[in-house]
Structures are given as structure tokens and as C-alpha cells.
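Thanks for coming. Please have a look at the model on the screen, and then I will go through it.

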Number of protein chains: 2
Amino acid sequence: MPVTDEAIVRIKEMILGGELAPGARLPKEADLAERLGLSRNSLREAVKALSLIRVLDVRQGDGTYVTSLEPELLLDTLAFVVDFHRDDTVLHFLEVRRILEPGATALAARAMPDAQVAALGELLAALPDDATLDELLANDLEFHRLIAVGSGNPVLVSLLDGISAPTTRARIWRGLTEEGAVARTREQHRAIHSALAHRDAELARALALVHVCGVERWLRDTLGDAGAALARPAASDTPGSAGT
Amino acid sequence: MPVTDEAIVRIKEMILGGELAPGARLPKEADLAERLGLSRNSLREAVKALSLIRVLDVRQGDGTYVTSLEPELLLDTLAFVVDFHRDDTVLHFLEVRRILEPGATALAARAMPDAQVAALGELLAALPDDATLDELLANDLEFHRLIAVGSGNPVLVSLLDGISAPTTRARIWRGLTEEGAVARTREQHRAIHSALAHRDAELARALALVHVCGVERWLRDTLGDAGAALARPAASDTPGSAGT
DNA sequence: GGCAAGGAGTCATCCGATGTATTTCTCGAA
DNA sequence: TTCGAGAAATACATCGGATGACTCCTTGCC
């Protein structure tokens with residue numbers, strides 16, 4: 001194993017072993033390099049890699065620190081990785097969102113504090129009727145993010161945030177090509193908020209499913225058979241799935 | 001922005017822009033460094049970072065290549081990141097799994113090819129009655145992974161694989177401390193397999209939920225009130241949740 | 001045709017030097 | 001005493017070059 005990879009493992013172990021607590025400062029490059037038995041250059045490669053995934057935070061002129069390691073930090077990494085996936089996997093991400101979003105919404109119906117539910121309503125009300133596409137997108141993302149936060153589960157927030165990025169582009173297309181989509185989306189948002197306000201978890205779950213499926217259906221139709229086939233290649237030999 | 005970070009962005013753009021297709025080979029370090037206008041050392045830091053998240057694949061003596069960028073590669077990265085989270089967030093991961101696992105199982109009930117369902121049954125049958133804890137764990141992980149694969153959604157496979165890692169440890173504890181857990185788990189596995197074989201999606205979904213909740217309930221009880229409070233901090237000001 | 005030695009190409013690692021940002025300390029003015 | 005400018009210390013940022021190790025391909029022998 002290359003010394004750099006070993007350094008990554010060593011640093012990871014130092015963190016998991018408690019030697020380096022979240023927020024702790026690492027020894028300076030020269031010292032840590034000597035301790036791990038490699039050169040500064042190689043150590044820097046390891047630190048850079050751990051820095052990209054938000055495990056370490058390097059500050060020039062100051063020092064290198066362990067981040068808080070909170071689940072929210074998982075977000076940026078996931079989003080970064082997801083960015084690399086091609087458009088032909090959007091349906092797979094959407095399918096996962098179709099599972100997560102209703103679950104998160106149902107949790108929010110039970111756990112979301114009243115103040116946050118109110119804030120959610122204000123967010124919807126703040127959107128002007130003649131909003132631009134960018135405003136619509138931003139409002140939509142924030143709406144779903146608030147619901148995820150309302151679930152009280154930071155891991156859920158991070159995952160949904162991460163996998164929502166690819167579907168965002170899909171929604172951009174939708175806004176550009178389908179006239180009634182904007183009004184329908186706003187209506188669905190209001191309905192979800194209402195269900196949350198009434199603490200109706202089952203209704204909220206169903207509405208969220210309908211909401212996500214709207215995008216999915218549209219996208220599936222748009223991509224055509226090729227897209228549908230891509231969405232579930234493993235099922236190619238399943239009886240009955242070929243008749244589409 | 002540091003030159004290294006800029007190099008990461010540039011390389012990312014080269015990939016997203018199609019200049020570097022999946023599997024493509026990058027120019028050699030010296031050339032690429034010159035082209036991006038930085039030193040080899042700095043470039044190597046960027047490459048190392050992208051290598052850690054499985055975007056690039058560096059082979060000594062050969063060259064540096066773009067990986068296939070398939071969703072499966074998201075797996076390793078997610079698992080690596082998840083490793084850094086403390087035990088006090090296990091319940092959050094478990095809660096997400098409680099959402100994803102039933103969804104994946106329901107999908108598998110419809111999409112899983114017959115051959116894979118059969119293989120799933122053989123996996124369960126292959127587990128000896130006097131299996132060691134390690135064997136139980138491996139069999140359990142493989143069981144759930146096969147179901148995820150059966151869903152036909154590689155993104156789902158990766159996510160479930162990634163978030164299952166932390167709960168694995170929890171199941172280890174369970175196996176060590178609770179006598180009846182092993183037999184119960186095997187029984188539940190058989191029931192899930194049966195539901196899949198009968199293509200009963202709703203039953204499969206319910207059984208998966210029961211299965212995951214078994215672990216969750218046990219873990220929640222074990223961790224005690226402290227753990228329960230940690231599981232949903234955002235709800236601390238929700239009426240009724242303070243009565244502990 | 002098979003195989004092993006040799007050479008070219010490429011990454012791995014190190015060293016030492018210099019540039020730059022941040023923090024801290026010093027010291028004089030108000 | 002308080003405060004701010006500037007110097008000093010500290011730590012990361014970046015560079016160029018040198019050497020080693022590994023892979024792959026060519027070449028020539030058997």
C-alpha cells in the first residue's frame with residue numbers, strides 16, 4: 001500500500017480512535033509527517049484527500065483541524081460525487097427519492113415543530129406569482145429541504161439533499177417544456193404543507209409520493225423507452241416487464 | 001482558491017464536459033500539470049483527492065484513468081464517509097434504513113428475476129445451524145444486498161450498502177447479547193424470501209419494515225433515553241416529547 | 001510459438017527552498 | 001490604560017528537481 005494511502009488510514013484511525021476528536025487540531029505538517037514516517041508532500045496528498053470529503057479542514061497560516069464530522073458534512077461529499085453521474089441515471093436517483101421523500105414527509109408530520117411548519121407556509125407564501133424559473137427552483141429546493149429538516153434526521157437531510165441535485169436539472173427541463181407544471185407543483189406544495197400542519201402523516205406521505213411521481217412519470221415519458229429500459233436493467237428477463 | 005482546488009474543479013469539468021469519458025486516460029502528470037498551470041506536486045494532491053472518491057484510478061507505472069463513474073462506485077465513498085460518524089448517530093442511519101429497506105424490498109418483489117430469487121433462497125439454506133457470528137453477519141449482509149440488487153436500482157444498492165455499515169456493528173452487539181435474535185432473524189429472512197418468491201410486494205415491504213424495526217427497537221432500548229433523545233433533537237420543542 | 005531480458009514510459013516518494021496567509025507579540029501614541 | 005500599526009513567529013502553499021518502483025511493450029533467443 002502506498003505511503004499516502006497508509007497515511008489516510010492512519011489519520012482515519014486517529015480520528016476513530018479518539019486521539020483526534022472533532023474540532024481537534026492536527027500536529028503541523030512537518031511533525032505529523034515525521035510521526036507517520038513519510039514526507040511532507042505525501043502527507044499533504046493524504047490531507048488533501050481527507051479535506052475533499054470534509055473530514056479535515058485546512059486553514060493556511062493556522063493549521064489543520066478535524067471537522068465536526070456531523071452528518072450534514074456528508075451532504076457536500078455526496079453531492080460532489082453525485083455530480084459525476086450521467087443524465088442516464090437520473091431515473092435511478094429519482095426512484096430513490098420516491099422512496100425517501102414520502103418517508104421523510106411522514107416523519108416530519110409527526111416530528112416537525114409548529115414553528116417550522118409555520119416557516120414552511122411562509123416560504124410558500126413568499127413566492128410571487130410571476131416568479132422566475134430560478135426562484136421557483138430555489139423555493140422548491142428549500143421547501144423540500146425544510147421538510148427533511150423537519151424529520152429531525154440529519155442523515156435523511158443529507159441524503160435527500162445529495163440525490164436531489166440531479167433531479168433538479170430534470171425539473172428545470174420540466175419548467176421549460178411543460179406549461180401547467182409550475183401551477184401544479186405549487187398546488188401540491190400547499191397540499192403537503194396543509195397535511196403537515198394537520199399532523200396527518202399518512203396523507204403527507206401520499207402527497208409526497210404523488211409529487212415525486214409527477215416528475216418521474218414526466219421524465220420517464222420524455223426519455224422514452226430507452227430511458228425506461230435504463231431504469232431497471234436487471235429486470236430485463238423478468239416475465240411481463242417487456243410488454244411496454 | 002488554491003491551485004490544487006482549482007485543479008480538482010478543472011478535472012471535474014473535463015470529465016463532465018465529455019473531454020474525459022469514463023475509462024479515459026489522463027495525460028501524464030507532467031503534461032497535465034503544465035496544461036493546468038501548476039506543479040506536479042500540487043496536481044498530485046488533486047488527483048489523490050479525486051482518487052479517494054473513486055473518480056480517478058491511478059495505476060503506478062501505467063497511468064491515471066477516469067473510472068467507470070457508475071453508481072456502484074458511489075458505494076465505497078459513502079461507506080468511507082459514513083465510517084467517520086460516531087455511534088450516537090447510528091439511530092439516524094437506522095431510521096433511514098427503515099425507510100429504504102422496505103422500499104427496496106417492495107421493488108424487488110416486482111423486479112427481481114426468478115433466478116435471483118432462487119439464489120436468495122439458496123443463500124439462506126446455505127447457512128449452517130451452528131454458524132459463527134461472522135458467518136451470520138456475512139450471510140445477513142449478503143441477503144440484504146441481494147435484495148437491493150434485485151430492486152434493479154444501483155443507486156439504491158449503493159445507499160443501502162453504505163448506511164448498513166454502521167448498523168452492522170449494532171447487529172453484532174445484538175448477536176452477542178440477545179439469545180433469541182439469531183433464530184428470529186433467520187425466520188424473518190425466510191419470510192421475506194417467501195414474500196419475494198410469491199411476488200407479494202406489500203407483504204415483502206411490511207416484513208422488511210418489521211425486520212429493520214426489530215433492530216431499531218432493540219438498539220433504542222439499549223441506548224436508553226439518551227439515545228432516544230439524540231435520535232430526534234429537532235423535535236425537542238415538540239409538545240409531548242419532553243415527558244421523558 | 002513461447003518466453004525472458006531489456007528499455008521506454010509513468011507514477012511514487014523524497015528533499016529543500018521560497019511564497020503567502022494568519023496569528024501573536026511588541027511598542028509607541030492618544 | 002487602551003488601542004492600533006507593524007514586526008515576528010507560525011503554518012500552510014507551491015515549486016523544481018532527483019531518484020526509485022512498477023507496467024507495458026518490444027525484441028531476440030530457444
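**Two chains and two DNA strands**

I begin with one contact: a polar side-chain atom of A:S42 lies 2.8 Å from a phosphate oxygen of DNA strand C. A polar contact here is a pair of N or O atoms within 3.5 Å; within protein, one must be able to donate a hydrogen and the other to accept it, and residues adjacent in sequence count only if both atoms are side-chain atoms.

Some ground rules. This is a predicted model, in which local features need pLDDT of at least 70 and side-chain atom pairs count only at pLDDT 80 or more, while totals for chains, interfaces and linings use all residues. Side-chain values use heavy atoms, without hydrogens and water; residues are numbered from 1 along each chain as its sequence is written, and chains are lettered from A and ligands numbered from 1 in the order in which they are written.

Back to strand C. Which residues come nearest to it? Of the 24 residues around it, they are A:V3, A:N41, B:R44, B:Q60 and B:G61; a residue is near a strand if one of its heavy atoms lies within 4 Å of it. An N or O atom in the side chain of B:R44 is 2.5 Å from a phosphate oxygen of DNA strand C, and one in the side chain of B:N41 is 3.3 Å from a base nitrogen of that strand. Of the strand C atoms within 4 Å of the protein, 67% belong to sugar or phosphate and the rest to bases.

Now DNA strand D. It is surrounded by 25 residues, and the closest are A:R44, B:V3, B:S39, B:N41 and B:Q60. For B:V3, a backbone N or O atom lies 2.7 Å from a phosphate oxygen of DNA strand D. For A:K28, a polar side-chain atom lies 3.0 Å from a phosphate oxygen of DNA strand D. Sugar or phosphate accounts for 71% of the strand D atoms within 4 Å of the protein.

How are the two chains related? In general, two copies of a chain are related by a rotation about an axis and a shift along it. Here chain A can be laid on chain B with an RMSD of 0.1 Å by a turn of 180° and a shift of 0.0 Å along the axis. The two copies are thus related as by a two-fold rotation axis. The superposition is by least squares on the C-alpha atoms of residues with pLDDT of at least 70 in both. In chain A, the residue closest to the axis is A:A49, with its C-alpha at 1.9 Å.

Next, the inside. The largest nonpolar core has 81 residues, and A:L100, B:L50 and B:L100 touch the most other members. Such a core is a set of buried Ala, Val, Leu, Ile, Met, Phe, Trp, Tyr and Cys residues joined through side-chain atoms within 4.5 Å. Buried means under 20% relative accessible area, exposed over 50%, and partly exposed in between, with a 1.4 Å probe and protein chains only. Among the residues that B:L50 touches are A:L52, A:F80 and B:I8, where contact means heavy atoms within 4.5 Å.

B:T67 is also buried, with a relative accessible area of 11%. A polar atom of its side chain lies 2.9 Å from the backbone oxygen of B:R54.

Last, backbone angles. Most residues other than glycine have a negative phi. A:R54 has a positive phi, near 65°, and is partly exposed at 37% relative accessibility. B:R199 has a positive phi near 55°, and its relative accessible area of 29% makes it partly exposed.

Terms used:
Lists of a residue's contacts leave out its neighbours within four places in sequence.
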